Amino acid sequence: MKKASILFLSALLIALYFSSCNSDDSSDNKENDTALLTGKWVLQKTGTIADNGNESLQEIPNPGKCDSGLLEYSSNGTFSNLRYEFQDNKCVSYNQKGTWSAKDKIITAIYDDGSTTLEILELSQSTLKLKQTLKTGTTLLVFISVYNRK
């Protein structure tokens, strides 16, 4: 479960690095969007999208007052996803690293043990909002993550 959540958060962070571009966007706009993704992002909210399209977002719980996780996209195509969990009365850190690429609002993150894709729903100077869709059997699960720039 921890590995799956690390992959999910990493994929979301990777999505921050890439922004969507319409087919009529210039290369300058694509470079500006990439520049917007590059940097450090702090996870603020997570949630889901229901079948009716309604989003349900919640603040990230922090029972042990651990540091917030940090997603960092580098301009060289690498990322780092540092996050913390409160276990056995202490904050435990996990850091996942890999490479990423983006095209047409889709971020692809590659880890040592797999890959994931994320859709960029929103990207600005201060906010990154990502969507991840997972299929388990015949069920589709849709997750939303919202980040603020550090």
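Start with the whole protein chain in view and think about contacts: of those between residues at least 6 apart in sequence, 54% join residues at least 24 apart. Keep in mind as you click around that this is a predicted model.

Now colour by secondary structure. The protein chain has two helices and nine strands. Walk along from the N terminus and you pass α-α, and after that the β elements run on to the end of the list: α-α-β-β-β-β-β-β-β-β-β.

Switch on the surface next. The protein chain exposes about 8,700 Å², with carbon and sulfur atoms supplying 46% of that area. As for what is tucked away, 36% of the 150 residues count as buried.

Time for some side chains. How many salt bridges are there to look for? The count comes to four, and here are some stops among them.

**Stop one: Lys 45 and Glu 59.** Select both and show sticks. Their side chains meet in a salt bridge, at 3.8 Å from N to O. Lys 45 sits in strand E1 (residues 39-49) and Glu 59 in strand E2 (residues 55-59), so this pair ties together parts that are 14 residues apart in sequence. Put the surface back on for a moment and check each partner. Lys 45 has 31% relative accessibility, so it counts as partly exposed. Glu 59 comes in at 52% and counts as exposed, because the cut-off for exposed is over 50%.

**Stop two: Arg 83 and Glu 85.** Select this pair next. Are these two buried or exposed? Arg 83 is buried, with a relative accessible area of 7%. Glu 85 is at 19%, and it also counts as buried because the limit is under 20%. Turn the surface off and draw a distance between the side chains: Arg 83 and Glu 85 form a salt bridge whose closest N and O atoms are 2.7 Å apart.

**Stop three: Lys 131 and Glu 119.** Move along to residues 127-136, which make up strand E8, and to residues 114-123, which make up strand E7. Lys 131 forms a salt bridge with Glu 119, and the closest N and O atoms are 3.5 Å apart. The pair links distant parts of the chain, Lys 131 being in E8 and Glu 119 in E7, 12 residues apart. How accessible are they? Lys 131 is partly exposed, with a relative accessible area of 23%, and Glu 119 is partly exposed too, at 27%.

Technical notes: Residues are numbered from 1 along each chain as its sequence is written. This is a predicted model: local features need pLDDT of at least 70, side-chain atom pairs count only at pLDDT 80 or more; totals for chains, interfaces and linings use all residues. Side-chain values use heavy atoms; hydrogens and water are left out. Helices (H or I, at least four residues) and strands (E, at least two) are DSSP runs, numbered from the N terminus. Buried means under 20% relative accessible area, exposed over 50%, partly exposed in between (1.4 Å probe, protein chains only). Contact means heavy atoms within 4.5 Å. Accessible areas come from the Shrake-Rupley method with a 1.4 Å probe; for residues, only the protein chains shown count as cover.
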